Amino acid sequence: MKVPEDAAVRVGTEAYLAGQVLIEVLMVGIGLRLGPAAIDRLKRVHAVLLERGVDTEVHPALKVGWSKAERDAANRE
């Protein structure tokens with residue numbers, strides 16, 4: 001599977017993914033320290049995002065830099 005270059009971030013795919021992994025590791029560590037209260041707060045944030053139509057599985061902003069062929073391939077998956 002070929003990952004298209006990110007239209008918003010002007011770094012290579014590898015650097016972008018490394019940054020995302022770092023953010024994810026930090027988020028998990030913070031979540032573990034905060035415990036169940038953090039989960040409740042995240043559920044409330046998620047509910048607000050869903051209510052406002054921001055948090056969807058196929059948000060249009062995710063596909064801005066993709067070619068038509070790449071968008072079609074992503075929609076088939």
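Reader: Which helix gives the most to the lining of the second largest pocket?
Author: This is a predicted model, where local features need pLDDT of at least 70 and side-chain atom pairs count only at pLDDT 80 or more, while totals for chains, interfaces and linings use all residues. Residues are numbered from 1 along each chain as its sequence is written, and side-chain values use heavy atoms, without hydrogens and water. Two helices, α1 (13-34) and α2 (36-51), each supply at least two lining residues (an atom within 4 Å of a point of the pocket). With seven residues, the top contributor is α1.

Reader: What kinds of residues make up that lining?
Author: Look along the wall and you'll meet M27, V28, I30 and L32, among others, plus E24 and R41. G31 and G35 are there too, and Gly counts as polar here. The tally for the lining is eight nonpolar, two polar and two charged.

Reader: And what volume does the second largest pocket have?
Author: A pocket here is an open set of points on a 1 Å grid where a 1.4 Å probe fits, with protein on both sides within 12 Å along at least five of seven lines. Fill the points with probe spheres, and the second largest pocket comes to about 240 Å³.

Reader: How many helices does the whole protein have?
Author: Helices are DSSP runs of H or I with at least four residues, and strands are E runs of at least two. From the N terminus the order is α-α-α, with zero strands. So by that definition, the helix count is three.

Reader: What share of the residues is buried?
Author: Buried means under 20% relative accessible area with a 1.4 Å probe, counting protein chains only. Of the 77 residues in the protein, the buried share is 6%.

Methods. Buried means under 20% relative accessible area, exposed over 50%, partly exposed in between (1.4 Å probe, protein chains only).
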